[in-house]
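Student: I should be grateful for a close look at a single part of this structure. Would you please describe the second largest pocket and then relate its surroundings to the rest of the chain?

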Amino acid sequence: MPAPGENLRINSARLWDSLMDMAQIGPGVAGGNNRQTLTDADGQGRHLFKDWCEAAGCSVGVDTMGNMFATRAGTDAAALPVYIGSHLDTQPTGGKFDGVLGVLGGLEVLRSLNDLGIQTRHPVVVTNWTNEEGARFAPAMLASGVFAGIHTEDYAKSRRDLDGKVFGEELARIGWVGDEVVGARKMHAMFELHIEQGPILEAEGRDIGVVTHGQGLWWLEITLTGKDAHTGSTPMAMRVNAGLGMARITERVHQIAMAHQPNAVGAVGQVKVFPNSRNVIPGRVVFTVDIRSPEQGKLDLMKGEVIRAAQAVAAELGLGCSIEDVGHFDPVAFDAGLVKIVRQSAEKLGYSHMDIVSGAGHDACWINRVAPTVMIMCPCVDGLSHNEAEEISPEWAAAGTDVLLHAVLEVAGVVG
């Protein structure tokens with residue numbers, strides 16, 4: 001069979017229907033999704049994905065971290081597989097497309113190959129990576145991190161959520177502990193399709209983002225310890241207010257990020273206040289700082305400045321202060337050869353495109369350590385993500401998946 005031409009496209013209606021069907025599992029309260037990792041809803045989403053993959057003629061394997069691998073066989077048993085991977089778990093107030101597009105877009109590639117009777121020399125595998133979001137169990141990209149040798153499996157399975165539930169126990173509870181050794185699979189290449197989660201592609205009127213690099217990040221969990229006291233009867237000068245310390249550190253994080261413009265961001269995200277009562281001065285606050293930059297030197301400088309600022313605020317207010325690294329990866333440069341193939345695939349299909357740096361962390365950032373990896377992005381409305389109002393158009397989803405299809409075929413090799 002000759003190399004596929006620009007007329008080869010995926011079934012966009014089927015892809016959109018699959019996205020909407022998955023969104024019925026773990027619905028949010030405002031039109032999005034709350035399908036956090038290792039919840040019952042996550043288990044249900046996994047079963048639906050498995051059923052779809054098996055209906056498409058794929059074999060489905062699962063490793064001991066719960067990573068799912070749906071394989072469409074190639075003609076060369078000795079050829080390493082080409083992987084397409086992302087995640088099905090969501091934020092507590094997540095959208096219907098973050099991660100899910102990459103998994104179900106991968107499935108649509110396999111379905112389209114079946115429809116068209118196309119065989120590839122390399123097997124093609126679609127992966128659902130466990131706990132990409134890190135919303136329930138920090139750090140993010142946890143299971144792909146174990147696969148890539150960044151974390152040990154013992155470390156990952158010992159992680160606890162804010163209610164004290166243990167990752168390994170929750171994975172077993174929902175029934176998704178597989179028997180494959182994590183990281184034993186070898187890859188010829190990996191592609192990850194994702195929504196941009198930022199406003200650049202839409203603002204520039206481009207269909208496709210060709211992702212050349214990914215930002216590095218640090219997640220710092222800061223615990224401030226003061227003294228619980230009555231808000232009405234404790235004199236202002238006698239308070240040891242952990243909440244005030246968090247407020248001042250939040251402002252400092254913003255100032256530090258602004259001082260390192262361009263290409264730097266920072267914010268306080270997850271917060272837990274104790275005792276969290278309206279008439280009690282907080283005696284303890286636990287919160288996370290998220291700082292990111294595609295420049296290694298800038299990222300390291302920001303981390304040091306945040307730590308020094310937190311310690312200074314705590315000392316000024318008489319607070320105890322502990323700081324723990326709960327997530328980190330260095331800036332990523334994706335495989336130049338795969339980047340070129342994605343760019344050429346977009347051009348062949350007539351889609352407008354631009355090079356872009358990923359502002360968010362993704363499983364591809366870890367897998368890049370062990371295999372040639374690249375990302376493809378499509379726009380999202382107003383750049384909004386990690387929000388139930390997250391939205392993309394069927395046309396954007398189809399364009400990204402069309403480019404994914406052609407790029408995968410280029411790497412996997414068409415037989416015939």
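**The second largest pocket and its surroundings**

Tutor: The second largest pocket holds about 370 Å³ of space. Please keep in mind that the model is a predicted one. Lining this pocket are 19 residues, and those that lie nearest its centre are R159, R160, D161, L162 and E221. Sorted by class, the lining comprises eight charged, seven nonpolar and four polar residues.

Let us consider where these residues come from. Four strands each supply at least two residues of the lining: β8 (216–225), β10 (265–274), β12 (284–293) and β13 (320–329). The chain as a whole is divided into domain 1, which comprises residues 12–214 + 331–415, and domain 2, which comprises residues 216–329. Each of these two domains gives at least three residues to the lining of the second largest pocket. The C-alpha centres of domain 1 and domain 2 are 32 Å apart. Contact between the domains involves 18 residues of domain 1 and 15 residues of domain 2.

A cavity should be described alongside this pocket. When the whole structure is searched, one cavity of 30 Å³ or more is found. The largest cavity has a volume of about 40 Å³. Its lining is formed by L162, E221, Q270, V271, K272, V286, F287 and T288. L162 and E221 are named here, and both are also among the residues nearest the centre of the second largest pocket. The strands β10 and β12 each supply at least two residues to the lining of the cavity, and each of them likewise supplies at least two to the lining of the pocket. By class, the lining of the cavity has four nonpolar, two polar and two charged residues.

We may now follow strand β10 beyond the pocket, in both directions. On one side, N263 is found in the loop between α8 (242–259) and β10. N263 is not a glycine, yet its phi is positive, at about 65°. With a relative accessibility of 40%, N263 counts as partly exposed, because that class lies between the limits of 20% and 50%. On the other side, P275 lies in the loop between β10 and β11 (280–281). The peptide bond that leads from F274 to P275 is cis, and its omega is near 0°.

Strand β11 contains V280. Leaving out residues up to four places away in sequence, V280 touches D228, A229, T231 and P275; P275 is thus the residue of the cis bond just described. V280 has a relative accessible area of 21%, so it is partly exposed, the limit for a buried residue being under 20%. V280 and S393 are 113 residues apart along the chain, and their C-alpha atoms are separated by 47 Å.

Several features elsewhere in the chain complete the picture. F97 is found in the loop between β3 (82–86) and α3 (100–116). Its relative accessible area is 0%, and it is therefore buried. Apart from neighbours within four places in sequence, F97 is in contact with W16, L19, M20, I195, E390, E391 and I392. F97 and T231 are 134 residues apart in sequence, and the distance between their C-alpha atoms is 43 Å. T231 is also one of the residues that V280 touches.

A second cis peptide bond joins A138 to P139, with omega near 5°. P139 has its place in the loop between β5 (124–128) and α4 (142–147).

H386 lies in the loop between β16 (373–378) and α12. Its phi is near 55°, a positive value in a residue other than glycine. H386 has a relative accessibility of 38%, so it counts as partly exposed.

Helix α12 itself covers residues 394–412 and has 19 residues. Its length can be checked by a short calculation: the expected span is 1.5 Å times one less than the number of residues, so that 27 Å should be found. The C-alpha atoms at its ends are 26 Å apart, which agrees with the expected span. Of the 19 residues in α12, 16 are buried, and the helix is accordingly mostly covered. Just after α12 comes G413, which takes a positive phi of about 85°.

Methods. Residues are numbered from 1 along each chain as its sequence is written. This is a predicted model: local features need pLDDT of at least 70, side-chain atom pairs count only at pLDDT 80 or more; totals for chains, interfaces and linings use all residues. Side-chain values use heavy atoms; hydrogens and water are left out. Buried means under 20% relative accessible area, exposed over 50%, partly exposed in between (1.4 Å probe, protein chains only). Contact means heavy atoms within 4.5 Å. On a 1 Å grid over the protein atoms alone, a cavity is a set of points where a 1.4 Å probe fits but cannot get out, and a pocket is an open set with protein on both sides within 12 Å along at least five of seven lines; lining residues have an atom within 4 Å of a point. Grid points are joined across faces, edges and corners, and a volume is the space filled by probe spheres set on the points. Ala, Val, Leu, Ile, Met, Phe, Trp, Tyr, Cys and Pro count as nonpolar, Asp, Glu, Lys and Arg as charged, and the others, Gly among them, as polar. Domain bounds come from an automatic or database domain assignment.
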